[in-house]
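Student: I would like a close look at a single part of this protein. Please take one sheet, say what lies against it, and then move outward from there.

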Amino acid sequence: MIYPENAVDKLGFTEIKALIKTYCLSEMGRQMVDKIQPMHQFDQINKFMRQTYEFKEILQNDAPLPIEHLYPMRALAEKARVEGVFLTEEEFFHVLLSLKTVFAVIRYFNDRSGLYPNLEALFEHLPIEKGIVNAIERVIDVKGKIKATASPELADIIASIAKAEQEARKRIDQVFKSAQGSGWTADGNLTVRDGRLCIPLLAENKRKLKGFIHDESATGQTVFIEPEEVFHLNNRVRDLEFDKRREVVRILIALTDSLRPNIPLLLSYHGLLSKLDFVRAKALFAMELEADMPQLSKEASLELINARHPLLLLNFKKEKQTVVPLNVKIDQQQRVIVVSGPNAGGKSVAMKTIGLLQLMAQAGLLIPADESSTVGIFKQFFADIGDDQSIESDLSTYSAHLSKMKYFTEHANGRTLVIIDEFGTGTDPQFGGPIAEAVLEVLNRKKIRGVITTHYSNLKNFANATEGLENASMLFDNAAMRPLYILEIGKPGSSYAFEIAQKIGLPTEVLQAAKQKIGAQQKRVDTLLVDLEREKKTILDTKRSVEKRESALNKLQADTQAIQRYLDENKKAILKQAKLEAQEIIKSANKLVENTIAEIRESKADKEKTRAVRQHLQQELQRHQVAEPKAKEAPQAAVSQEIKAGDWVKIVESGNVAQVLEVAKDNLILAMGDLRSVVKRKRVEKVASKEVPKAIRKSHSSTATEELSGFYPELDVRGMRTEDAIQAIEKHLDKAIMLGYPSLKLIHGKGDGILRKMIRDYLRKYTEVNRMEDEHADRGGDGITYVYLN
């Protein structure tokens with residue numbers, strides 16, 4: 001129930017319906033839009049919402065639905081129901097096209113069985129009766145005209161007409177040539193008058209040719225005569241035309257009679273086309289609004305996340321502006337939101353957004369809010385918006401408000417959503433405020449849900465002290481003196497009357513006089529609210545600063561972890577390589593000793609031979625001897641060397657040669673082949689480029705520095721196959737982790753969600769991935785994934 005009836009107009013719901021109608025293809029679809037009303041049954045609302053959501057998915061991600069011809073079959077079916085009445089050729093043609101559309105739609109969903117269950121329910125158990133189409137196609141051609149072969153009698157008549165017309169034309173051509181030879185004709189050729197082929201004769205010669213005069217020229221100098229011998233032939237053609245018309249009517253009557261038993265089925269087909277056009281229009285409107293399907297609850301509650309007023313959103317889109325999103329929650333504990341704040345700060349827009357989106361949701365429409373929003377079900381909508389004074393009813397503005405308050409207090413309950421704009425205005429504030437407070441107290445006892453806007457301080461105080469009521473304010477930048485259009489729950493807002501008046505340029509003496517006239521208590525309250533706004537802004541700025549520092553610390557932690565991982569990985573690799581080399585040396589040594597012993601035995605301890613064998617053994621031992629590491633140079637020497645990006649350095653502990661990619665204070669980012677590492681400056685020493693082996697120099701691309709500086713934590717994989725996309729993401733993720741980036745932005749598009757799911761499932765395997773989130777709905781929604789790294 002909606003009270004008063006014009007509340008739907010005040011909230012903008014009527015305008016929403018008018019916009020949806022513009023997307024309808026047929027009058028029957030527009031008629032269904034006119035009938036849209038808020039519903040109270042959970043299952044019904046859920047069904048309508050899901051149908052719209054599924055059609056939106058088809059429009060965005062699937063092949064187009066074959067809806068080409070939508071004609072109102074109901075009127076034709078009702079006409080055919082009457083005995084003795086028949087449908088015309090054009091009407092049968094419309095029925096044929098509509099039936100083909102119905103059958104194409106049914107086949108479309110049968111090919112996608114199970115993908116769109118709520119849309120499939122529209123034609124559940126609806127058969128494809130091809131017999132109707134076949135019967136019509138035997139009679140009506142592709143241009144909507146009756147076929148010559150519709151019956152044997154019709155075929156004979158048409159053949160006779162053609163023959164008679166040929167004879168008449170042949171005879172009149174002969175007469176025309178004879179008259180031309182005699183000089184009786186006027187300029188021009190044969191012409192048609194009254195449906196008869198005539199010869200143009202000069203008026204003075206009209207009695208020289210027997211026939212029937214059908215017409216004469218405007219000057220009277222030319223007459224148009226049908227020759228006597230042709231006249232009888234043309235009459236024969238006319239008689240045959242009448243026979244043809246009677247046969248066509250007989251055929252159409254027979255076809256209508258055959259159609260009559262299927263009228264209930266035709267009405268079902270008509271209902272399907274009407275509903276499809278209706279749902280399609282709602283889906284197209286949802287796409288225009290970038291609307292989504294919220295979570296539906298059976299409770300009398302709502303939670304809107306990033307909600308936008310539909311009409312304001314469409315208007316701003318034309319002007320290429322953005323709407324500040326609204327976040328609000330109304331539930332059992334926080335039942336009524338009392339919104340205060342400056343004029344033109346967005347209080348009424350916020351209130352109307354809540355009311356309009358609730359009406360749209362309960363009407364089965366998608367709403368411009370985040371899909372994580374929750375919408376409950378209310379059985380009553382009460383609204384007091386604007387001025388409803390009536391001269392006819394002898395109602396003033398305030399009387400109209402009071403009459404609504406009377407109705408609200410008598411009929412409201414826990415499933416009523418109450419919307420009141422500028423509560424208590426219209427009379428002396430000294431009395432309007434207390435009356436409004438008393439009404440609010442009664443409504444609160446009835447556990448209503450609602451949103452109320454006000455400037456009255458007593459209502460702000462009452463909301464602050466009363467359970468179930470919650471203050472809220474529209475934020476205001478008191479430095480720039482402009483509204484921010486952001487709803488903040490938890491505290492009242494100042495009206496900023498003096499500040500706005502000062503900015504507008506009201507004389508100082510007027511402002512001072514006004515300040516002296518208000519009560520000291522009221523002045524203290526308003527000053528306190530302004531101070532609270534300033535403190536709130538300071539806290540928000542501090543919070544942003546802390547978040548920035550926290551992000552820097554997270555980045556530093558990620559860098560440290562990357563270094564530790566690199567060290568751990570390299571330590572294992574070096575030890576493994578050393579063990580393998582040691583095993584080879586031991587094997588070679590054993591073999592060498594055995595060969596040496598064998599040679600000594602063979603030479604029977606010959607001194608020269610033994611000496612030569614021992615020297616060979618000593619040489620092999622020296623070849624495998626590990627050189628003592630050189631003494632480290634003083635750290636000061638290393639520090640004193642100026643190192644910049646592009647230089648070659650040697651890591652003191654390992655002796656590995658690397659190229660410097662970037663210098664960050666005391667840290668160096670080094671490239672060793674495809675590996676990247678962060679090393680303290682004091683742990684390296686600079687080496688000349690010519691001392692670096694040529695193979696190492698070639699393995700380092702000249703673009704290594706550009707690769708680091710050009711790295712951007714964003715990757716677009718739209719259009720890639722899943723395997724290619726995951727491979728690209730893996731490389732990008734490795735670089736991001738190595739370079740210490742806190743997050744990645746992956747653009748994969750919406751589609752049917754398969755690529756998005758595969759990417760997220762793959763990324764969950766990484767321990768370095770902390771969490772993943774969708775982009776804001778205004779900037780791509782679930783077509784973009786933000787990956788936050790540990």
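Tutor: What follows starts with one sheet and its helix, then turns to a nearby topic, the loop before the sheet, and ends with another strand and some salt bridges.

The model is predicted. The protein has 25 helices and 24 strands, and 41% of its 790 residues count as buried. Among contacts with a separation of 6 or more, 68% are between residues 24 or more positions apart.

The sheet to look at is open and has four strands, in the order β6-β10-β7-β8, and its pairing is mixed. Its edges are β6, at 295-296, and β8, at 326-330, each of which pairs on one side only. Inside the sheet, β7 (residues 302-307) and β10 (residues 374-375) run antiparallel and are joined by two bridges. To find one of these bridges, look for E303, whose partner in β10 is T374.

Helix α13, residues 347-362, packs on this sheet and touches β7, β8 and β10. Its direction makes about 110° with that of β7. The length of α13 can be checked: at 1.5 Å a residue its 16 residues should span 22 Å, and the end C-alpha atoms are 23 Å apart, which agrees. Of those 16 residues 13 are buried, so α13 is largely enclosed by the rest of the structure. After α13 comes G364, which has a positive phi, near 85°.

Now go to the loop between α11 (263-289) and β6, where D292 lies. D292 is buried but has no salt bridge. The nearest side chain of opposite charge belongs to K56, 4.6 Å away, and a salt bridge needs the nitrogen and oxygen within 4 Å. Apart from neighbours within four places in sequence, D292 is in contact with Y53, L366, I367, A369 and E371.

Another strand, β11 (residues 380-384), is a useful second case. Five of its five residues are buried, so β11 is largely enclosed by the rest of the structure. Both of its faces are covered, with Q380, F382 and D384 on one side and F381 and A383 on the other. Strands of a sheet pair through backbone hydrogen bonds, in either a parallel or an antiparallel sense. For β11 and β1 (residues 2-3) the sense is parallel, over two bridges. β11 also pairs in the parallel sense with β12 (residues 416-420), over five bridges. F381 is a good residue to follow here: F381 is the bridge partner of I2, and in β12 the partner of F381 is L417.

Last, the salt bridges, of which the structure holds 29. One of them joins the side chains of D62 and R112, at 3.1 Å from N to O. D62 is in the loop between α4 (42-61) and α5 (73-81), and R112 is in the loop between α6 (89-111) and α7 (117-120), so the pair ties together parts that are 50 residues apart in sequence. D62 is partly exposed, at 24% relative accessibility, whereas R112 is buried, at 18%.

A salt bridge within one helix is that of E78 and R81, at 3.2 Å. Both residues lie in α5, three residues apart, which is about one turn of the helix. Finally, D257 and R260 form a salt bridge with their closest N and O atoms 2.7 Å apart, and E83 is linked with them in a network of salt bridges. In that network D257 is partly exposed, at 36%, and R260 is buried, at 13%.

Note on methods: Residues numbered from 1 in each chain as written. Predicted model: local features only at pLDDT ≥ 70, side-chain atom pairs only at ≥ 80, totals over all residues. Heavy atoms only, no water. Pairing = 2+ DSSP bridges. Contact = heavy atoms within 4.5 Å. Axes fitted to C-alpha atoms, helices over the stretch in contact; angles between N-to-C directions. Expected span 1.5 Å × (residues − 1). Buried < 20%, exposed > 50% of the residue type's maximum accessible area, 1.4 Å probe, protein only. Lys, Arg positive; Asp, Glu negative; His and termini not counted.
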